[in-house]
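Student: I have just opened a structure that is new to me. Could you walk me through it, one question at a time?

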Amino acid sequence: MALIGLGASKPKTGATADPTGLIKDGSDQSFKADVIDVSMETPVLVDFWAPWCGPCRTLTPTLEKVVKAANGRVKLVKINIDEHPAIAGQLRVQSIPAVFAFDKGRPVDGFMGAQPESQIKALVDRLAGAQPAGLEELVAAGKESLELGDLGGAAQSFAQAAGLDPENPKALAGLARVYVLGGELDRAQEILASIPKAKQKDPDVISVQAQIDLIHDVAHAGDAAVLNATLAEAPDDLEARFELAKAEIANGDFETAAEHLLFIIKTDRSWQDDAARKQLLKLFDAAGPTAEVTRQGRRKLSAILFS
């Protein structure tokens, strides 16, 4: 790709660099010297940013951290597009942050938008020719992407992990969770069904299955505002409280739902054939064993059952 500004090699006056020489501020004028020429020997990441861009302020420190950790395998050039729009225009940058990876003078990879550290590290590893990430690293990267709401990145990491081990329960459970969050419950269920029976007791598999079950359970939950009004007049109406718990689960408020279910158990432990306790345990499974609602809820449940 021919880029404008290739004939100029003089760095921009006042451009800054970190002491390691791995990171520097670039410009349209210095692009050939900073990126094209350097990438002939060492791959270069180009970070297009602007002072007004909130995601840029989040991404750039992560880029710098990963580049420094790579110990010279890659370099980073940061270009403020408000001051230097030409190269960004030539590369058809539509939104920022935008990161382009250059190797041997050409753009070979990149991404737009804020990304988790694991995804940036994976890019650097690809660019520097490092050994591909292992199974555990890919699963961890997928979970990190899920926490950040990056379903595409999560799907990619979990799919790569499943490629390394097609029967790995954590990789398949992660992929199923991506489909759950995307509203494709049938596809998620198919993936869970493909996991060997001996591996279906994995906590991640149990958690996703419980999440699917909960979604089905609360599909026809009542209106939370109406149910709250009912309880305001009749706080001991356990049927209304149970329906409200389901409504809160549907709204994603597991903490409030757990409190309502615990209230029912404390009031009548065997109500409706132990329905409240069963629903609460499903909630714990869906949230996962390390979630705060699970840890606190189990403690409160034990206090009620063994008091």
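Tutor: Gladly! Let us begin with a term: a residue counts as buried under 20% relative accessible area, as exposed over 50%, and as partly exposed in between. Keep in mind that this is a predicted model.

Student: Is asparagine 71 buried or exposed?

Tutor: Asparagine 71 sits in the loop between α2 (54-69) and β3. Its relative accessibility is 67%. The cut-off for exposed is over 50%, so asparagine 71 counts as exposed.

Student: What is the sign of phi at asparagine 71?

Tutor: Most residues other than glycine have a negative phi. Asparagine 71 is not a glycine, yet phi there is about 55°, and the sign is positive.

Student: In which helix does aspartate 273 lie?

Tutor: Aspartate 273 also deserves a look, as a residue other than glycine with a positive phi, near 55°. With a relative accessible area of 60%, aspartate 273 is exposed. The helix that holds aspartate 273 spans residues 271-287 and is α13.

Student: Now the whole protein, please. What is its radius of gyration?

Tutor: Along the principal axes, the C-alpha atoms fill a box of roughly 80 × 45 × 35 Å. A compact globule of 307 residues would have a radius of gyration near 19 Å, whereas the protein has 26 Å.

Student: How far apart are the centres of domain 2 and domain 3?

Tutor: The protein is divided into domain 1 (23-128), domain 2 (135-198) and domain 3 (220-306). Taken over C-alpha atoms, the centres of domain 2 and domain 3 are separated by 29 Å.

Student: What share of the residues in the protein is buried?

Tutor: The protein contains 14 helices and 5 strands. Among contacts with a separation of 6 or more, 61% join residues 24 or more positions apart. Of the 307 residues, the buried share is 44%.

Student: In what order do the strands of the open sheet stand?

Tutor: The open sheet has 5 strands, and their pairing is mixed. On average, neighbouring strands of this sheet are turned by 20° against each other, direction ignored. Read across the sheet, the order is β1-β3-β2-β4-β5.

Student: Why is one side of β1 and of β5 left without a neighbour in the sheet?

Tutor: The strand order is β1-β3-β2-β4-β5. β1 (23-25) and β5 (106-112) each have a single partner strand, so one side of each has no neighbour in the sheet, and the place where both stand is at the edges.

Student: Which residue is the bridge partner of lysine 24 in β3?

Tutor: β1 and β3 (residues 75-80) pair in the parallel sense, over 3 bridges. In β3, the bridge partner of lysine 24 is valine 77.

Student: Which residue in β3 stands opposite leucine 45?

Tutor: β2 and β3 are paired in the parallel sense too, here over 6 bridges. 5 of the 6 residues of β2 are buried, so the rest of the structure largely encloses this strand. Opposite leucine 45, in β3, stands leucine 76.

Student: What are the buried residues of α1?

Tutor: Helix α1 (residues 31-39) packs on the sheet, touching β1, β2 (44-49), β3 and β4 (98-103), and its direction makes about 145° with that of β2. The buried residues of α1 pack against β1, β2, β3, α3 and β4. They are Phe31, Ala33, Asp34, Val35, Ile36 and Ser39.

Student: At what angle to β5 does helix α4 run?

Tutor: Helix α4 covers residues 117-128 and lies across β2, β4 and β5. Its angle to β5 is about 170°.

Student: Which cysteine forms a disulfide with cysteine 53?

Tutor: The structure holds 1 disulfide. Its link is right-handed, with 85° about the S-S bond. Cysteine 53 counts as buried at 3% relative accessibility, and cysteine 56 counts as buried at 2%. The two sulfur atoms are 2.4 Å apart, and the partner of cysteine 53 is cysteine 56.

Student: One last stop: is the peptide bond between isoleucine 96 and proline 97 cis or trans?

Tutor: Most peptide bonds are trans. Proline 97 lies in the loop between α3 (86-90) and β4. For the bond that joins isoleucine 96 and proline 97, omega is about 0°, and the bond is cis.

Terms used:
Residues numbered from 1 in each chain as written. Predicted model: local features only at pLDDT ≥ 70, side-chain atom pairs only at ≥ 80, totals over all residues. Heavy atoms only, no water. Disulfide = S-S within 2.5 Å. Buried < 20%, exposed > 50% of the residue type's maximum accessible area, 1.4 Å probe, protein only. Domains from an automatic or database assignment. Pairing = 2+ DSSP bridges. Helix = DSSP H or I, 4+ residues; strand = E, 2+ residues; numbered from the N terminus. Axes fitted to C-alpha atoms, helices over the stretch in contact; angles between N-to-C directions. Contact = heavy atoms within 4.5 Å. Rg over C-alpha atoms; globule rule 2.2 N^0.38 Å.
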